[in-house]
Amino acid sequence: MSIWEYANPVRFLALSAKVQPFAWAAAAIGILVGLLWGFFGTPDDFRQGSTVKIIYLHVPAAWIAINAWIMMLLASLVWLVRRHHVSALAAKAAAPVGLVMTVIGLLTGAIWGQPMWGTWWAWDPRLTSFLILFLFYLGYIALWEAVEDPDTAADLTSVLCLVGSVFALLSRYAVLFWSQGLHQGASLSLDKEENISNVFWLPLIISIAGFTLLFLALVLYRTGTEISLRRARAISARLEPRG
Amino acid sequence: MIALLIRDLRLALRAGGGFGLGLAFFLIITLLVPFSVGPQSQLLSTIAPGVLWMGALLACLLSLDRLLALDFEDGTLDVLATAPLPLEAALAVKGLAHWITTGLPLVIAAPFLAVLLNMPPQGFAWLVISLALGTPALSMIGTFGAALTVGIKRGGLLLSLLVLPLYVPTLIFGAEAARRGAAGMAVETPLFVLAGMSLACIALLPFAAAAALRMTLR
Amino acid sequence: MMPELGKYAFEVLSAYGLSLLLIVALLAVTLRRGRRARAALRQIEAEARPDGKS
């Protein structure tokens, strides 16, 4: 038994069918509990007022936006090294989810920034890095759409994802060098001193878990969609010559 | 290898003036800036380093889709892929040819355009040095982008979308070095990072570009 | 019962509204595309079976 067993599309689909109901249900529960608790059950911050409630959307979305790219990078590596189609398709399936989460992160950040920092947008390192990440998602998705042959598309986007990751990291450091920040430090870290206070912490963790499960469920489902499309394409290609 | 370089340079000089085009574009972009932001010389001298870097970057981008597309159409790339010369080296040479025909003229033209924008004279040397160090990276990243999109019909716009985010770090460090130079501050840090990035691009990106090209040609 | 949102009510509600809208839109597009792809595959498999082995 190894994890590579699930590189077989049939095995993958079987496992995915088993996992998906739990993932969807847990995601719904996590997001509902996290957001409702955050929205109704937490006090206002004494400086930020009620805008602190936006954190339950902002931080999980940003978390997924970054981790979706990391997942795509790993899936791309697996595709390039071991040529498992499921892996390439999972990377393709994850990209639009990551894009939407990036947009949510940017939007909620802008809405929060307007009353708190007095501006929708600042050329702060974190904000700027996120904008660059958004551009990388756009380019990646556009390249998938543009290449006709599916295997070539998987190859090229994987290479782009690899090179893009290196440049995204470089940009991160370049941007840090280029501008001083307005954004506060990490909301969650192992260092207790830096952490946000306990009242906000638990609903935030639940919300993050909910978003992560939603990402998992979405990617599983979307990968299934891509497999169906690929199979349909293969069968019709086989039928064509016979008439 | 040298034969390939000479061939590329000859083609660029002859066919359709890809050579002068980037330079003319750089000139026009720079001249349009005062029209769009107003003629105050104080403002212009502040933004001059950034404008010149931006103009150079766009001029580089402009000629990228010609970099491999013509050779792809007439089959030269297939010949290169099966030639004894490794494809990595061939692409590095193509990047070099692009730099000589596009990047180098930009570097030489930059100080003259800097005069038009009222840039402080103490920054001229740093502008030229930062462009000289940064444009090779732009050419090599562009070669990678061109290799990714060469098989795509009407890939020009997609190429810009893919390449521009990759240009971000080079632009930041390059423009920062030029800006600090113009303001009379120490420029070593951004300049060294820029040089390091250029070297890394030249060393590593030919492999990525060749890999992408093999995938398209296969 | 609605919590007291104070003067930032508009910001908080629009942030929640926009985000949920985007997530729901993503879900809708995903499910629509998924249903269509799976239906198309079933149809094409049904067509393929009579004249072949697959």
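**A walk through chains A, B and C**

Let us begin where chain A meets chain C: this contact takes 31 residues from chain A and 26 residues from chain C, two residues being in contact if their C-beta atoms, placed from the backbone, lie within 7 Å. On the chain A side, α1, α3 (85-116) and α6 (198-239) each supply at least two residues; helices (H or I, at least four residues) and strands (E, at least two) are DSSP runs, numbered from the N terminus. The largest share of that side, 12 residues, comes from α6(A). By residue class, the side of chain A that touches chain C divides into 18 nonpolar, nine polar and four charged, where Ala, Val, Leu, Ile, Met, Phe, Trp, Tyr, Cys and Pro count as nonpolar, Asp, Glu, Lys and Arg as charged, and the others, Gly among them, as polar.

A word on the model itself: it is predicted, so local features need pLDDT of at least 70 and side-chain atom pairs count only at pLDDT 80 or more, while totals for chains, interfaces and linings use all residues. Residues are numbered from 1 along each chain as its sequence is written, and chains are lettered from A, with ligands numbered from 1, in the order in which they are written.

Now for the other partner of chain A. Here 21 residues of chain A are in contact with 19 residues of chain B. Two elements of chain A, α4 (125-146) and α5 (150-178), give two or more residues to this side, and α5(A) gives the most, with 12 residues. This side divides into 17 nonpolar residues, three polar and one charged. Of the two pairs of chains in contact, chains A and C share the most contacts. Chains B and C do not touch, and their nearest C-alpha atoms are 23 Å apart.

Back in chain A, follow helix α1 (residues 9-41) to V19(A), where a kink of about 35° lies shortly before the proline P21(A); the bend at a residue is the angle between axes fitted to the seven residues ending there and the seven starting there. Among the buried residues of α1(A) are F12(A), S16(A), A23(A) and G30(A) (buried: 20 or more other C-beta atoms within 10 Å of the residue's own, C-beta atoms being placed from the backbone).

Chain C has one helix and zero strands, and buried residues make up 15% of its 54 residues.

In chain B, finally, look at where α8(B) meets α9(B). P169(B), F173(B) and A177(B) are among the α8(B) residues in this contact, and L191(B), L194(B) and M197(B) are among those from α9(B). The contact residues divide into eight nonpolar, two polar and two charged.

Terms used: Buried ≥ 20, exposed ≤ 12 C-beta atoms within 10 Å, placed from the backbone.
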